[in-house]
Amino acid sequence: WYTSKWTPIVAFSVSSIKKLYKFGFRLMLSDLLNSLFEQLYILVIGKVYSVNDVGYYNRALSTRQLPVNTVSNVLRKISYPILSQIQDDDVRLRNAQRKIIQQVMFWIIPLMTGGILLATYIFNILYTNKWNQAIPLFQILCIAGVLYPINAFNLDILKVKGRSDLYLKIEIVKKLIIVLILIVSIQYGIMGLVWGQSLVSIIALSINTYYSGKFLKYSLFEQLKDLAPIILCGIIMGFFVYFIKDNFFTDLTLINLFILTLCGASVYLTACWYLFNEPFKELLAIISSKMKSLSL
């Protein structure tokens with residue numbers, strides 16, 4: 001306050017609250033819905049199945065969420081203010097959205113692919129074999145984890161455009177879909193329930209990209225086309241890790257997990273290098289500029 005010469009005053013701006021109320025209130029309702037439905041699966045599993053199943057599901061979900069939320073939330077905090085500054089320029093907004101989605105998927109695809117293939121190593125080393133029943137749940141949840149960033153960043157476009165009304169409507173529709181799929185999938189045990197959760201992510205992807213695509217003319221097909229090189233690199237990495245894991249590594253040790261992770265990362269980055277993947281080139285450019293600044 002001393003350096004900025006600013007002091008607070010006891011005043012309330014009615015015009016400001018009117019301007020911000022509708023936008024913020026709808027987002028708040030959307031967040032409340034999300035918070036409620038995040039706990040819905042745990043409540044249903046505990047009610048229909050057993051306490052042990054709740055523990056296995058919660059462990060699988062928290063392990064999946066750690067890399068996904070870390071990468072996605074960091075980039076969302078950076079990207080949202082940037083996108084808001086160019087909200088009226090659809091061409092620039094589309095190009096920025098394209099780069100952001102490519103960058104986040106550049107990290108998420110190998111993380112989730114590696115999680116699916118090395119789940120046994122991860123759970124046995126981190127949690128011991130007592131949690132092995134959570135492994136198939138974790139692997140299925142990783143499928144939904146791949147789609148989470150695309151869903152999140154496409155929804156952010158609605159916020160950037162000030163369409164919190166449409167944002168809330170979409171969230172309500174998706175929650176109704178969750179309830180319907182939950183009612184059906186719960187009859188097939190906890191595995192069926194988790195597969196249903198992945199199906200929800202796929203349906204949500206088509207809904208989220210449809211509405212954001214109307215604003216930016218950037219459809220789901222175009223987004224998948226832009227992500228095709230990254231997906232291909234992830235597939236190449238997946239086949240390589242799967243082959244060497246089953247043929248050369250048998251012991252569930254930390255050193256084997258480290259070697260497999262290092263091999264997978266090397267193959268993935270090499271594939272990106274030869275495919276001239278844009279996010280990889282941008283990453284190399286950032287590293288190069290940082291190295292130059294340090295040398296100076």
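**Briefing: salt bridges, a helix with two sides, and a few odd spots**

Eight salt bridges turn up in this structure. Keep in mind that this is a predicted model. Disulfides, on the other hand, come to a count of zero. Below is a quick tour of the charged pairs, helix H2, a nonpolar surface patch, the cysteines and two residues with positive phi.

**Salt bridges**

- Aspartate 156 and arginine 76 pair up through their side chains, with N to O at 2.7 Å. Aspartate 156 sits in helix H6 and arginine 76 in helix H3, so this bridge ties together parts that lie 80 residues apart in sequence.
- Both partners, aspartate 156 and arginine 76, are buried.
- That pair also belongs to a network of salt bridges, which links Arg76, Asp156 and Lys159.
- In helix H7, lysine 175 bridges to glutamate 171, and their closest N and O atoms are 2.6 Å apart. The two are four residues apart in H7, which means about one helical turn separates them.
- The general background is simple: an α-helix has 3.6 residues a turn, so residues three or four places apart point the same way.
- Lysine 175 is buried at 7% relative accessible area, and glutamate 171 is buried too, at 2%.
- Aspartate 165 and arginine 163 form another salt bridge, at 2.9 Å from N to O. Here aspartate 165 is partly exposed, with 21% relative accessibility, and arginine 163 is partly exposed as well, at 32%.

**Helix H2 and its two sides**

- H2 covers residues 40–48, and its buried residues are Tyr41, Ile42, Val44 and Ile45. These four span an arc of only 165 degrees around the axis, so they fall on the same side of H2.
- Leu43 and Lys47 are exposed on the other side of H2.
- What covers the buried residues of H2? The cover includes H1, helix H3 (51–85), helix H7 (164–185) and helix H8 (189–216).

**A nonpolar patch on the surface**

- Phe12, Val14, Ile17, Tyr21, Phe25, Met28 and Leu32 make up a nonpolar surface patch of about 720 Å².
- One of its members, valine 14, is placed in helix H1, which runs over residues 14–38. Valine 14 has 47% relative accessibility, so it counts as partly exposed.

**Cysteines without disulfides**

- Why do cysteine 272 and cysteine 233 not form a bond? Their sulfurs are 3.6 Å apart, and that is too far, because a disulfide here needs the two sulfur atoms within 2.5 Å.
- Cysteine 233 holds the closest cysteine sulfur to that of cysteine 272. Cysteine 272 is buried, at 0% relative accessibility.
- With the disulfide count at zero, cysteine 263 is unpaired as well: the nearest cysteine sulfur belongs to cysteine 272 and is 16 Å away.
- Cysteine 263 counts as partly exposed, at 25% relative accessibility.

**Positive phi in the loops**

- As a rule, most residues other than glycine have a negative phi.
- Threonine 128 has a positive phi, near 70 degrees, and is not a glycine. You'll find threonine 128 in the loop between helix H5 (119–127) and helix H6 (135–160), where it is partly exposed with a relative accessible area of 40%.
- Lysine 217 isn't a glycine either, yet its phi is positive at about 55 degrees. Lysine 217 lies in the loop between H8 and helix H9 (220–248), and it is exposed, with 59% relative accessible area.

Definitions and conventions:
Residues are numbered from 1 along each chain as its sequence is written. Side-chain values use heavy atoms; hydrogens and water are left out. Patches are made of residues with over 30% relative accessible area and no salt bridge: like charges are joined within 9 Å, nonpolar side chains (Val, Leu, Ile, Met, Phe, Trp, Tyr) within 5 Å. Accessible areas come from the Shrake-Rupley method with a 1.4 Å probe; for residues, only the protein chains shown count as cover. A salt bridge is a side-chain nitrogen of Lys or Arg within 4 Å of a carboxyl oxygen of Asp or Glu. Buried means under 20% relative accessible area, exposed over 50%, partly exposed in between (1.4 Å probe, protein chains only). The arc is that of the directions from the helix axis to the C-beta atoms. Contact means heavy atoms within 4.5 Å.
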